[in-house]
Amino acid sequence: MTLAWATALQVASSAAAAMSGEAKPAPIDFDLARMIPNEAALRIGCRGGGGDASEIVVCARRRGGDYPVEEMARRYASKPLMAETGIAPDTSVRAYTESVPMPGGQTSKRAMVGVKLRF
């Protein structure tokens, strides 16, 4: 019932706006091909290629040299997902999965919860 009421209110408000003659927003006319580069862009050597109307040129100055590919690879490299948290001093609990081969060629897939106690 609430969904029907909300839909009816939206329809009524749009119909009232149409009858009152409210002005609609003007369409946005933005074309990157017609943009004139500013002086700062020209100072860093940002120029278009061959003047093709479908070409988009994006320019920026690099800060601090090249992009740190090795650092980003180290930081965001795929790592095993570990669902483990501490629950008390020197005690943690984790959730993990196991696959164990069974007789007859079947595989037992298990969801496990383990508790670690340090002593």
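**Exercise 1. The sheet and its pairings**

Which residue of β3 does Thr97 stand opposite? Work out the sheet in this predicted model, beginning from that pair.

Solution.

1. Thr97 stands opposite Ala111 in β3.
2. β2 and β3 run antiparallel and are joined by 11 bridges. β1 and β2 also run antiparallel, with five bridges joining them.
3. Further pairs can be placed on this frame. Gly86 is opposite Ser92 in β2, and Glu84 is opposite Arg94 in β2. Glu98 is opposite Arg110 in β3.
4. Together the three strands make an open sheet in the order β1-β2-β3, with antiparallel pairing. β1 and β3 (107-117) are at the edges with a single partner strand each, so one side of each has no neighbour in the sheet. From one strand to the next, the twist averages 30°.
5. To place the sheet in the chain, list the elements: the protein has three helices and three strands, and from the N terminus they run α-α-α-β-β-β.

**Exercise 2. The two hairpins**

Find the residues with a positive phi in the turns, and describe the surroundings of the β1-β2 turn.

Solution.

1. Begin with the expectation: most residues other than glycine have a negative phi.
2. Asp90 is not a glycine, yet its phi is positive, about 60°. Asp90 lies in the loop between β1 (83-88) and β2 (91-101). The hairpin of these strands has two residues between them.
3. Is Asp90 buried, partly exposed or exposed? Its relative accessibility is 47%, so Asp90 counts as partly exposed.
4. Thr91 is in strand β2. With a relative accessibility of 15%, Thr91 falls under the 20% limit and therefore counts as buried.
5. Which residues does Thr91 contact, leaving aside neighbours within four places in sequence? They are Gly86, Val115, Lys116 and Leu117.
6. The hairpin of β2 and β3 has five residues between the strands, and Gly104 in its turn has a positive phi of about 85°.

**Exercise 3. Salt bridges**

How many salt bridges does a search of the whole structure find? Describe the pairs within the helix and across the strands.

Solution.

1. The search finds four salt bridges. As background, side chains of opposite charge can pair when their charged atoms come close.
2. Take the helix first. Arg74 and Glu71 form a salt bridge at 2.7 Å, N to O. Both residues lie in helix α3 (residues 69-76), three residues apart, which is about one turn of the helix. Arg74 is exposed, with a relative accessible area of 55%, while Glu71 is partly exposed at 28%.
3. Next come the strands. Lys116 and Glu84 meet in a salt bridge at 3.7 Å, N to O. Lys116 is in strand β3 and Glu84 in strand β1, so the pair ties together parts that are 32 residues apart in sequence. Lys116 is partly exposed, with a relative accessible area of 42%, and Glu84 is partly exposed at 35%.
4. Glu98 forms a salt bridge with Arg110, their closest N and O atoms being 3.8 Å apart. Glu98 lies in strand β2 and Arg110 in strand β3, so this pair ties together parts that are 12 residues apart in sequence. Glu98 is partly exposed at 29%, and Arg110 is partly exposed at 34%.
5. Return to the helix for the network: salt bridges that share partners join Glu71, Arg74 and Arg75.

**Exercise 4. Surface and burial**

Describe the nonpolar patch, then give the figures for the whole protein.

Solution.

1. Which residues make the nonpolar surface patch of about 560 Å²? They are Ile87, Val115, Leu117 and Phe119.
2. Ile87 is in strand β1. Its relative accessibility is 54%, so Ile87 counts as exposed, the limit being over 50%.
3. Val115 and Leu117 of the patch are also among the contacts of Thr91, a residue that counts as buried.
4. For the whole protein, the exposed area is about 11,300 Å², and carbon and sulfur atoms supply 59% of it.
5. Of the 119 residues, 6% count as buried.
6. Among contacts with a separation of 6 or more, 16% come from residues 24 or more positions apart.

Definitions and conventions. Residues are numbered from 1 along each chain as its sequence is written. This is a predicted model: local features need pLDDT of at least 70, side-chain atom pairs count only at pLDDT 80 or more; totals for chains, interfaces and linings use all residues. Side-chain values use heavy atoms; hydrogens and water are left out. Helices (H or I, at least four residues) and strands (E, at least two) are DSSP runs, numbered from the N terminus. Buried means under 20% relative accessible area, exposed over 50%, partly exposed in between (1.4 Å probe, protein chains only). Contact means heavy atoms within 4.5 Å. Accessible areas come from the Shrake-Rupley method with a 1.4 Å probe; for residues, only the protein chains shown count as cover. Two strands pair if DSSP finds at least two bridges between them. Axes are lines fitted to C-alpha atoms, for helices over the stretch in contact, and angles run from 0 to 180 degrees between N-to-C directions. Patches are made of residues with over 30% relative accessible area and no salt bridge: like charges are joined within 9 Å, nonpolar side chains (Val, Leu, Ile, Met, Phe, Trp, Tyr) within 5 Å. A salt bridge is a side-chain nitrogen of Lys or Arg within 4 Å of a carboxyl oxygen of Asp or Glu.
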